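Ready for some hands-on practice? Open the structure below and work through the exercises, trying each task before you read its solution.

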Amino acid sequence: MGIYRDGQIFMYGFVGDDWWGEGFTAMQVTEALAEHGRENDVTIRMDSGGGYAFSGLNIYNALKAHEGKVTVQVDALSASAASLIAMAADEVLMKQGAMMMIHDPSSCVCGTTKKIEQEAKVLNMQAGEFAKIYASFSGKTADDARELMKAETWMTGEDAVSHGFATSHEAGMQPVMSCMPFNFTMYTKAPNELVTIARSNKWDKEPEQTPPTQEDGTQMAKTDEEIAQMVTDAEAKGKADGAKEGVEAYMKLHKQVMELPQAKKQPALAESFMADGMDFEAIKAKFDLMTDDDKSEDDDPGIDRQKYTQMRQNGAGLNGGSAPQKPTMSAREIYQKRREKMVA
């Protein structure tokens, strides 16, 4: 939903590119003013803990350039950059229980002493210009306004009127039960209630990023890095899943094969068939095609095991004989017999 509704501009949330997904930018305000009409009186509804200083200054100048009357109604809070924006109004109305805060601009910097000194110089210059804006609305001197800024001054509606930063206020106080998301812990003198609200809602933590979406709600195309990571994750998962499925399939095949009568007699042979990648039907067919001659001697109940063992030892010369037994057939005759058997 846009910030322009029912002929009013709602400056709720963060000033600038909204951190929590709720805020307003200088471009949005400019577009809202154009839609409303440059010459028409306009009411600004405000509830903001602040934001980016230059975004606030940009919006301040946009409101100052508006030809119609500008009324800022502070519904709950006008702090930091938001209070600077309010100074562009012809009238500032503080609603019941509303607050305002002015302070020096701040920034984060790291580096050498020279770099830090340069940043301090820029901040002092910026604060001096902001003090002039607060002074022009309130009737104070720029130095007096700057002192209030340095002290991070929090004001009720009555205080804001007393200092000249608001033109009117509604009497009475009401507890701050809720407000727009903002990290109030960053302020030195923020009311304890606001700090508690910020911490309980985790506004002092950077929000988790959600995938950007297009206007139709569908997710935007991913970057090459994101796609590469997705492929890597998918391959890793596929390998893990494939390994698990492979084990389960082998166990199922093993159970089926070992239930075959032939496999029970020749388990080693059955294992070799499975190791070769043969499926159940192929293994069963293999066993069914085997002739009696292909079976192990262990499968023939007619063989005298003791005589058979002695025969093999005699043939190998292991029973005290002078030499192993000579074969009675040549290699050529052996191959010939095999061929005849295959043909038969």
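**Exercise 1. Find out how Glu129 and Lys132 are paired, and how far apart they sit along the chain.**

Step 1: Glu129 and Lys132 form a salt bridge, with 3.2 Å between the closest N and O atoms. That term stands for a side-chain nitrogen of Lys or Arg within 4 Å of a carboxyl oxygen of Asp or Glu.

Step 2: Now look at the chain. Both residues belong to helix H4 (residues 113–138), and because they are three residues apart, about one helical turn separates them. Helices here are DSSP runs of H or I with at least four residues, strands are runs of E with at least two, and both are numbered from the N terminus.

Step 3: Check the surface. Glu129 is partly exposed at 41% relative accessibility, and Lys132 is partly exposed at 47%. The cut-offs are under 20% relative accessible area for buried, over 50% for exposed, and partly exposed in between (1.4 Å probe, protein chains only).

A word on the ground rules: this is a predicted model, where local features need pLDDT of at least 70 and side-chain atom pairs count only at pLDDT 80 or more, while totals for chains, interfaces and linings use all residues. Residues are numbered from 1 along each chain as its sequence is written, and side-chain values use heavy atoms, leaving out hydrogens and water.

**Exercise 2. Work out which parts of the chain the salt bridge between Glu91 and Lys69 links.**

Step 1: The two side chains meet at 3.1 Å, N to O.

Step 2: Glu91 lies in strand E7 (residues 91–94), and Lys69 in the loop between helix H2 (53–64) and strand E6 (70–79). They are 22 residues apart, so this pair links distant parts of the chain.

Step 3: Glu91 is partly exposed at 36%, as is Lys69 at 35%. The structure has seven salt bridges in total.

**Exercise 3. Explain why Cys108 and Cys110 are not bonded to each other.**

Step 1: A disulfide is counted when two cysteine sulfur atoms are within 2.5 Å.

Step 2: The closest cysteine sulfur to that of Cys108 is in Cys110, 9.1 Å away, so a bond is ruled out by distance. The structure holds zero disulfides.

Step 3: Cys108 is exposed at 81% relative accessible area, and Cys110 is exposed at 62%.

**Exercise 4. Locate the buried residues of helix H10 (residues 267–275).**

Step 1: Pick out Ala270, Phe273 and Met274.

Step 2: Look down the axis: these residues fall within an arc of 95° (taken from the directions from the helix axis to the C-beta atoms), so they line one face of H10.

Step 3: Turn to the face away from the buried side, where you'll find exposed Ala268 and Ala275.
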